[in-house]
Amino acid sequence: MKKRLFTLLLTTAFAVLTLSACGEKTAQETAGNAEEPAAASKPAPKEELSDVTLNEVAHSIFYAPMYVAIEEGYFEDENIRLELVCGFGADKVMTAVLSGEADIGFMGSESSIYTYNEGANDYVVNFAQLTQRAGNFLVAREEMPEFAWNDLKGNTVLGGRKGVIHI
């Protein structure tokens, strides 16, 4: 489990760093300047920051690389002033995106599928993946050292949303 978590965090950090490094060089930067060999060491002129509101479904340790990127100023380095808002639920995140309150919704794909299936004319499009596995956990009141999935038969399982868990 520790190896999977470490791999997930490392992969996410790599993805954030890779995406934050994406940018387009101008012809002058590409060509260089023969008269000024130290031109590459000059800081680029600061552009105006673009405001972007990202509404996340929940605060989670699984998103730690994103939080680090925010705190370390990686978004500002790319001229993005990022406002992080917690929606406390995918339905609320989707509402914020559809109403224009948020520019990006950070949630699972189920909300966009629900919205599309309901016939929305203006639905969202998923464009990125941060995690490959959900950060959900199955817990019980008592210790179950020899747990098997069949142990759930006949019991009530409380899921995150009615209709999501099928057992």
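User: How should I read the words buried and exposed in this structure?

Analyst: A residue is called buried under 20% relative accessible area, exposed over 50%, and partly exposed in between, with a 1.4 Å probe and protein chains only. Asn 55, at 5% relative accessibility, therefore counts as buried. Note that this is a predicted model, in which local features need pLDDT of at least 70 and side-chain atom pairs count only at pLDDT 80 or more, while totals for chains, interfaces and linings use all residues. Residues are numbered from 1 along each chain as its sequence is written, and side-chain values use heavy atoms, with hydrogens and water left out.

User: In which strand is Asn 55 found, and with which residues is Asn 55 in contact?

Analyst: Strands (E, at least two residues) and helices (H or I, at least four) are DSSP runs numbered from the N terminus, and Asn 55 belongs to strand E1. Contact means heavy atoms within 4.5 Å; leaving aside neighbours within four places in sequence, the contacts of Asn 55 include Val 85, Cys 86, Val 93, Ala 96 and Phe 106. A polar atom of the Asn 55 side chain also lies 3.0 Å from the backbone nitrogen of Gly 87.

User: How are the strands of the sheet ordered, and with what pairing?

Analyst: Strands of a sheet pair through backbone hydrogen bonds, either parallel or antiparallel. Two strands are taken as paired if DSSP finds at least two bridges between them. Here three strands form an open sheet in the order E2-E1-E3, with parallel pairing, and the edge strands, E2 (80-86) and E3 (104-106), each pair on one side only. Strand E1 (residues 50-56) pairs with E3 over three bridges in the parallel sense, and Glu 56 has Phe 106 in E3 as its bridge partner.

User: Which strands does helix H5 touch as it packs on the sheet?

Analyst: Axes are lines fitted to C-alpha atoms, for helices over the stretch in contact, and angles run from 0 to 180 degrees between N-to-C directions. Helix H5 (residues 90-99) touches E1 and E3, and its direction makes about 170 degrees with that of E3.

User: Which residues of H5 are buried, and why are they on the same side?

Analyst: In H5 the buried residues are Ala 90, Val 93, Met 94, Ala 96 and Val 97. They lie on the same side of H5 because they cover an arc of only 160 degrees around the axis, the arc being that of the directions from the helix axis to the C-beta atoms. The buried residues of H5 pack against E1, E3 and helix H6 (110-117), whereas the exposed residues Thr 95 and Ser 99 are carried on the face turned away from the buried side.

Methods. Polar contact = N/O pair within 3.5 Å; in protein donor to acceptor, adjacent residues only side chain to side chain.
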